[in-house]
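This report describes one protein chain, from its overall layout to its core and its aromatic rings.

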Amino acid sequence: MSNYGHYNHQYYGTREKKHPKSFKITGISNYEDAKIIDYDTILEMEYEPNNPYDSSAIKIKVKDKMVGYVPNNPPNIKKMCFENINEKLKVINIKGNPRGVRVLFQSL
């Protein structure tokens, strides 16, 4: 414990340091199925060209259940995801309420 009464472990269950190619799933709080995400959950990406708000949208799914989207910013993340659309994502951080989930390509 620190001098201020805080524990010295990393907060919010962080498992890995923030990787430059990691990103937070956008819109995750809008999907009830996102509650099933845990550190062992493997996520899939799917291009969604018919999305009415973003024709370059990439949705993120768990077992065919929608849980959010790849963020638009920074733009390099969306481009990288589009180029590696068939690669699975792993969870590296889950944060509080509203829930935030940071992911990284499984191969990294």
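Helices and strands are taken here as DSSP runs, of at least four residues for a helix and at least two for a strand, numbered from the N terminus. On that basis the protein chain of this predicted model has 1 helix and 6 strands, and from the N terminus on their order is β-β-β-β-α-β-β.

Of the 108 residues in the protein chain, 38% are buried. The chain exposes about 7,300 Å², and carbon and sulfur atoms supply 49% of that area. Among contacts with a separation of 6 or more, 56% join residues 24 or more positions apart.

In soluble globular proteins, nonpolar side chains tend to be buried together. The largest nonpolar core in this model has 22 residues, and Ile37, Leu43 and Ile60 have the most contacts inside it. Two or more residues each come from strand S2 (42-48), strand S3 (57-62), helix H1 (75-83), strand S5 (89-95) and strand S6 (100-105). Leaving aside neighbours within four places in sequence, Leu43 is in contact with residues including Ile25, Ile37, Ile60, Val91 and Val103.

How many aromatic pairs does a search of the whole structure find? There is 1 aromatic pair. Tyr47 and Phe82 form it, edge-to-face, with 5.2 Å centre to centre and 70° between the planes. The pair links distant parts of the chain, since Tyr47 lies in strand S2 and Phe82 in helix H1, 35 residues apart. The exposure of each partner is listed below.

| Residue | Relative accessible area | Class |
|---|---|---|
| Tyr47 | 35% | partly exposed |
| Phe82 | 46% | partly exposed |

Both rings count as partly exposed because their values fall between the 20% limit for buried and the 50% limit for exposed.

How values were computed:
Residues numbered from 1 in each chain as written. Predicted model: local features only at pLDDT ≥ 70, side-chain atom pairs only at ≥ 80, totals over all residues. Heavy atoms only, no water. Buried < 20%, exposed > 50% of the residue type's maximum accessible area, 1.4 Å probe, protein only. Contact = heavy atoms within 4.5 Å. Areas by Shrake-Rupley, 256 points an atom, 1.4 Å probe, with all protein chains shown as cover. Core = buried A, V, L, I, M, F, W, Y, C linked by side-chain atoms within 4.5 Å. Phe/Tyr/Trp six-rings, centres within 6.5 Å; stacked < 30°, edge-to-face > 60°.
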